[in-house]
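Me: I'd like to practise reading a model one feature at a time. Can you walk me through this one?

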Amino acid sequence: MSPTITILAQHLLNGVLIGCAYALIAMGLTMIFGVMNIANFAHGEFYMLGGFVAFYLVSLMRLDYFVALPLAVAVVVALAVVLQHSIFRRLREAPVMTTTLVTIGLSIFLENAALLLWGPQPQSIPTPFPPKPLSFLGVYTTPLYLFCMAVTAALIVVGHVLIRRTRMGKAMRATFQNKEASALVGIRIDRIYAYAFAFGAALAAAAGAVLGGFIPVEPASGGVITLKAFIVVILGGMGSFVGAIVGGLLLGLAEALGAGYLPNGWKDAIGFFAVILVLLLRPEGLFKRA
Amino acid sequence: MLDALPYRLATIAVLVALFAIPLVVHDDYYLHLFIVSGIFAAAVVGLDLIVGYVGQLSLAHAAFFAMGAYTSALLFIRLHWSMWLGLPAAALLVGVVAIVLGSIILRTRGHRFIIITVVFAELMRLVATNWVDMTRGFMGLPGLVVPPLVLPGIGAIDLTSKSRFYYVVLVAAIVAFVICRVIVRSSIGRKFVLIRENEPLAESLGISAFRYSMIAFAVGAAIAGAAGSLYAHYVGFVSPDLFNFSYVTIMLIMVILGGKGTLVGPALGAVIFTFLPEFLREASHWRMITFAAILIAATLFMPKGIVFPLLTHLLPRERRLRNARAA
Amino acid sequence: MPALLEGHRLAVRFGGVAALKGVDLAVDAGEVLSVIGPNGAGKTTLFNVITGRVRPAAGAVLFDGEPIHRLAPFRIALLGVVRTFQKTEVFGPLRLIDGVAAGALARNDPNPLARASEALSTVGLDRKAHLSAQQLSYGDQRLLEIAQALAAKPKVLLLDEPASGMNHHESKRIMKLIVELRARGLAMILVEHNMHVVMSISDRVIVINYGEKIAEGRPDHVRNDARVIEAYLGVPQAADARAR
């Protein structure tokens with residue numbers, strides 16, 4: 001292959017993993033937004049905690065990597081359930097400003113709690129994969145990268161199946177469309193809320209736990225992740241799971257290309273410009289509501 | 001209501017006390033806190049217009065503050081404009097940016113609006129960090145000074161001492177407060193409240209939510225820009241740190257815990273939440289954790305804030321009723 | 001001579017569904033036009049297209065001869081076409097006098113509270129002016145909505161189910177108010193399900209079914225129209241006649 005194409009392919013490959021991660025995180029955010037009508041400003045903190053708890057379990061408690069990852073997700077889900085029960089349950093019909101302020105407060109709380117517990121140092125989760133690079137046709141990757149990519153892609157599929165095929169998933173989507181009607185046909189709204197919040201947190205935490213071996217996590221990473229997730233959700237249309245998946249992948253790829261071809265530091269701006277453009281040209285998002 | 005004699009007397013008393021502070025307080029450290037309080041008070045009364053009166057949660061306000069700081073700094077460093085020119089220029093420029101941004105986003109509501117304001121703020125942070133030719137990126141722009149006040153016949157009055165600069169900030173804060181008060185008590189301000197309480201109904205009766213949200217947004221932004229300019233010249237330098245989300249957080253805390261939709265509440269909030277962190281100086285993360293917990297608790301259980309309701313609680317019952325009815 | 005408010009061949013589509021198909025209507029000052037029809041027939045959509053909340057796919061709305069269907073809702077209101085809503089809309093915790101002043105404030109009236117006071121007197125809520133909207137009973141809130149609209153100095157008033165949920169006494173109050181407003185020269189369009197109200201005070205009635213106008217005329221004429229009965233009862237009139 002010619003060098004330009006090889007370089008392009010390399011950038012694209014680099015972007016797929018981040019794209020999958022964005023897709024997972026955005027799916028979770030969409031679920032919380034669609035069911036609970038809450039823009040979860042603390043969503044990135046679930047990602048960050050997924051990474052940090054996994055790090056703690058692997059490096060300090062010496063758990064097996066493949067056990068620590070799901071366990072980390074479970075811990076974050078447990079936290080989400082507690083938060084839902086103590087705080088978000090009270091916010092069912094609350095106005096936008098109220099719920100937003102609460103999630104902003106939560107985000108600050110969790111970030112600073114993480115700073116207290118683990119300090120500001122970025123941490124990488126030690127993984128059992130050899131650092132040996134593999135190459136196909138001039139494009140380089142590592143076993144860890146392939147593992148992360150496989151797991152996140154699998155989780156996207158699993159998430160998609162859960163939403164579309166299971167009874168709970170269908171109930172959650174029904175609540176999206178019409179809360180009153182759902183309550184009338186017997187769907188227990190409180191339960192749905194709890195599941196939606198747990199589901200959203202689980203996906204974000206999984207992304208954090210998986211990616212934590214590849215990209216170092218720090219307590220401050222939550223904020224950027226939340227912002228990126230919001231961008232994906234807005235681009236994809238605020239109620240669409242397909243939009244979240246496609247939007248996440250696109251953003252990941254676009255940022256990888258940007259990192260490769262744009263001057264330093266501007267790759268993050270791609271998403272921002274895209275949002276402003278979409279808002280100007282197609283305010284309802286690129287996809288229809290799920 | 002607020003023209004009644006006891007209120008007028010109280011206002012005069014407060015003003016006298018504020019002007020007397022440098023005569024009583026000689027410690028530079030405390031004067032510094034008063035100065036910073038005053039700058040933030042100016043910034044957050046502007047924020048209250050859109051958050052408290054129109055009822056839209058804008059997270060772009062701190063970015064307007066930072067943009068004002070950068071504008072004033074750049075005008076000083078590159079064109080040698082003193083703060084006396086830089087401040088109004090910063091207010092004007094930030095106001096114009098707010099109008100442009102507003103024309104794009106003020107037709108959206110709710111979650112989408114809030115998220116776009118964050119996106120904009122982050123974009124501004126990226127620009128400040130990466131447009132190194134203009135802003136020197138992380139290195140920031142140092143070397144800003146407080147200019148002397150040149151009066152005909154008297155000559156140049158040096159304002160660099162904290163007690164002198166305090167008066168500059170005090171006057172600015174009072175001007176900002178008065179501007180917001182005049183707007184809020186006019187028919188414009190009444191329309192803000194009607195939009196907040198039921199926007200579709202207000203529209204169907206002839207009030208353009210877009211137009212009035214824009215007024216609140218742009219005026220608030222311009223005031224924040226002016227406050228930013230003061231901050232830049234006082235502190236002496238600007239850096240991309242000014243765009244950190246912590247500024248958004250602290251301004252929100254000042255407005256919400258102070259009592260949104262009252263102007264006085266946020267102004268008091270600015271003073272309290274400037275002084276309070278200093279007294280909790282050592283435990284920086286604990287401080288933020290505590291503030292976050294208070295913010296969550298207050299939003300859940302005390303939607304009218306803490307400071308302002310506490311204040312009105314001290315008033316005789318009759319005044320409190322009149323307050324509640326006119327709110 | 002053109003009527004004060006006219007709708008010409010109004011068509012509205014939502015996605016693939018035609019909510020209105022070529023509806024004509026006209027109402028003049030001092031006239032009460034009622035719009036009736038089964039649920040989902042398109043009556044509220046008609047209001048929405050007249051007040052600018054929805055754009056027509058085809059057709060036009062003319063006020064005083066000028067097309068208004070492309071204007072923003074707040075501008076249409078300022079011209080003098082004001083509506084109330086099916087689901088009660090008020091200004092929550094504000095005092096009645098402050099909420100009702102909205103319409104006057106919108107028109108930059110030099111004395112909005114006086115206008116609000118007048119409007120409250122017209123509907124009979126002046127003694128409760130210092131209360132907040134949340135403190136009112138349902139019936140009073142529906143009256144409040146009319147006061148809110150009146151303060152905006154409407155020339156055409158669109159009332160969306162003003163008598164819904166009202167008991168006999170409250171309905172009479174509303175009817176009396178509508179008659180009085182008609183005497184003052186207001187043009188009014190009513191969407192209403194309460195047939196007693198419709199038959200008692202309407203000058204003309206139009207019947208909408210599945211987005212189309214199927215009948216128009218004086219109340220007693222329309223009530224006996226075969227197509228109207230069929231629309232409501234779903235029974236072809238011929239079969240009914242044979243059964244007698």
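Reply: Sure, and keep in mind that this is a predicted model. Start with contact order along the sequence: among contacts in chain B between residues at least 6 apart, 77% join residues at least 24 apart.

Me: What secondary structure does chain B have?

Reply: Count the elements: chain B has 15 helices and 2 strands. Its radius of gyration is 20 Å, close to the 20 Å from the globule rule for 327 residues, so chain B is as compact as a globular protein of that length. Along the principal axes, its C-alpha atoms fill a box of roughly 50 × 45 × 45 Å.

Me: And how much of chain B counts as buried?

Reply: Of its 327 residues, 50% do.

Me: How do I read a single helix, say α7 of chain B?

Reply: Compare its span with the expected one. Helix α7(B) runs over residues 162-185 and reaches 34 Å from first C-alpha to last, close to the 34 Å expected at 1.5 Å a residue. Then look at burial: the buried residues of α7(B) include B:Phe165, B:Tyr166, B:Leu170 and B:Cys180. As for partners, the buried residues of α7(B) pack against α1, α2, α8 and α10 of chain B.

Me: Now the interface. How many residues do chains B and C bring to the contact?

Reply: People often quote the size of an interface as the accessible area lost when the parts come together. Here we can go by residues: chain B gives 16 and chain C gives 21. On the chain B side, α8 (187-197) and α9 (199-204) each supply at least two residues. By class, that side has 6 nonpolar, 5 polar and 5 charged residues.

Definitions and conventions:
Residues are numbered from 1 along each chain as its sequence is written. Chains are lettered from A and ligands numbered from 1 in the order in which they are written. This is a predicted model: local features need pLDDT of at least 70, side-chain atom pairs count only at pLDDT 80 or more; totals for chains, interfaces and linings use all residues. Two residues are in contact if their C-beta atoms, placed from the backbone, lie within 7 Å. Helices (H or I, at least four residues) and strands (E, at least two) are DSSP runs, numbered from the N terminus. Ala, Val, Leu, Ile, Met, Phe, Trp, Tyr, Cys and Pro count as nonpolar, Asp, Glu, Lys and Arg as charged, and the others, Gly among them, as polar. The radius of gyration is taken over C-alpha atoms; the globule rule is 2.2 Å times the number of residues to the power 0.38. A residue is buried if 20 or more other C-beta atoms lie within 10 Å of its own, exposed if 12 or fewer, and partly exposed in between; C-beta atoms are placed from the backbone. The expected span of a helix is 1.5 Å times one less than its number of residues.
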